[in-house]
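Grab a pencil and have the model open in your viewer. Let's work through a few exercises together.

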Amino acid sequence: TLTGHTDSVWSVAFSPDGSLLASGSSDKTIKLWDVKSGSIVRTLTGHTDSVNSVAFSPDGSLLASGSVDETIKLWDVRSRTLAATLERHKYGVYSVAFSPDGLLLASGSGDGIKLWDVRSRTLAATLEYLSWVNSIAFSSDGSLLASGSSDGIVGLWDVKGGSIIRTLTGHTNSVNSLAFSPDGSLLASGSDDKTIKLWDVKSRSLIRTLTGHTD
């Protein structure tokens, strides 16, 4: 059991090599933990509000954090220092995700999705959406981005073209969590409607609704 945060923990992520765990909390900090010893390696400070999402880059060199303070911060994992602050959202950032090649970072917020060029630290594209985006996930080949929003819709986006391909409907409440299967054939979505839905990515159709949760 890893203790040290002074408020709710919203997000955890393992580094690619499994040696570090990052955690984002309502105490406005990110903590880096040594997985083997369970000790805190470094507490990263700079956000001025709750940290909702953390994600390591595929090569493990960067850690991204998204916060209610409307910013994304990029941290240099080796030096444990702040590398950049990305500021273009008008609302809190609820989800961040690196593309599989590590060249893009996606962020989800109340004003839609933004794609950032990781190398130049600049905004590459804005994917406008009318509802609050709670969760985002890249497909394993990086060609698709899935978004889950407060209107209960799962969006599938073409990353290269920056356009929405399909909206997957069926949830009756906010979609909070998304995950592609490793081979990219399935997408799972978790919702406030107490269900998980499994979608066939190729046909864009609902395969199954998993029920059993009571909240």
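Below are three exercises, each with a worked solution.

This is a predicted model, where local features need pLDDT of at least 70, side-chain atom pairs count only at pLDDT 80 or more, and totals for chains, interfaces and linings use all residues. Residues are numbered from 1 along each chain as its sequence is written, and side-chain values use heavy atoms, with hydrogens and water left out.

**Exercise 1.** Work out how strand 9 pairs with strand 10.

*Solution.* Start with the terms: strands are DSSP runs (E, at least two residues), numbered from the N terminus, and two of them pair if DSSP finds at least two bridges between them. Here strand 9 and strand 10 (residues 104–109) run antiparallel, joined by 5 bridges. Next, pick out S95: it sits opposite G108 in strand 10. Last, look at the turn: the two strands make a hairpin with 5 residues between them, and G102 there has a positive phi of about 75°.

**Exercise 2.** Decide whether strand 9 is largely enclosed or not, and say why.

*Solution.* Buried means under 20% relative accessible area (1.4 Å probe, protein chains only). Of the 6 residues in strand 9 (residues 93–98), 5 are buried, so the rest of the structure largely encloses this strand.

**Exercise 3.** Trace the open sheet that contains strand 1.

*Solution.* First, the order: 4 strands line up as 1-2-3-4, with antiparallel pairing. Then find the edges: strand 1 and strand 4 (40–44) each pair on one side only. Finally, zoom in on strand 1 and strand 2 (residues 20–25), which share 5 bridges; S11 has G24 of strand 2 as its bridge partner.

Note on methods
Buried < 20%, exposed > 50% of the residue type's maximum accessible area, 1.4 Å probe, protein only.
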